[in-house]
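Here are my notes on the model, set out as numbered points on its charged pairs and its nonpolar core.

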Amino acid sequence: MDILSSQYEGTTQLFRDKGTITTKVLRFDIRLPQKKEAERLNISDTTPVYDVFRLRNLNDEPYELDQSIMPLSVITDLTEQIAKGSIYNFIENNLGLKVGSSTRKISAKKPNDDDIKYLDCKNNDPVLQVSQTVSLTDGRIFEYSHTKHRYDKGSIIVVNNIEK
């Protein structure tokens, strides 16, 4: 399944007409951020964060493995039940916040134990990783995440508009 690098809607919304998305929450914790997470989220290391680790299936097949780190100071009242569905839908429709922009890094990685277990990868299969920092329209950073995809489950299309 191909996706545009510029898509800002969540996976549930993105694939609403292409198949059935199901989510298994593998971890839902509230903790203090690691140094790199605090830097990426532009928060202090004493600001609690949600640590949400999910397996997203598309039509009953593993599609993506996602870890999202979100500060409680920006995203409030998130629950594990909400994480089983669409977090972005919750952010926009329940919290009344608007997703603004993101910075993404796309890279290839070797699979780790979680990738092998949940994405059904082999030891030598490449995994596509999208790391991103996402901001609201008011400029507050609300998410630092890493999403991994099997190499054979689609691609990311980059469209550049050049203005002259």
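How many salt bridges does the structure hold?

1. The structure holds eight salt bridges, a salt bridge being a side-chain nitrogen of Lys or Arg within 4 Å of a carboxyl oxygen of Asp or Glu. This is a predicted model, in which local features need pLDDT of at least 70 and side-chain atom pairs count only at pLDDT 80 or more, while totals for chains, interfaces and linings use all residues. Residues are numbered from 1 along each chain as its sequence is written, and side-chain values use heavy atoms, with hydrogens and water left out.

2. Arg54 pairs with Asp66, with 4.0 Å between the closest N and O atoms. Because Arg54 lies in strand β3 and Asp66 in strand β4 (residues 61–71), the pair ties together parts that are 12 residues apart in sequence; strands are DSSP runs of E, at least two residues, and helices runs of H or I, at least four, numbered from the N terminus. Arg54 is buried at 6% relative accessible area, where buried means under 20%, exposed over 50% and partly exposed in between (1.4 Å probe, protein chains only). Asp66 is likewise buried, at 6%.

3. Salt bridges that share partners join Arg27, Asp29, Arg31, Glu37 and Asp51 into one network. Within this network, Arg31 meets Glu37 at 2.9 Å, N to O; Arg31 is partly exposed at 22%, whereas Glu37 is buried at 7%.

4. The largest nonpolar core (buried Ala, Val, Leu, Ile, Met, Phe, Trp, Tyr and Cys residues joined through side-chain atoms within 4.5 Å) has 18 residues, of which Val52, Ile75, Leu78, Ile91 and Phe142 touch the most other members. Helix or strand, α4 gives the most to this core, with four residues.
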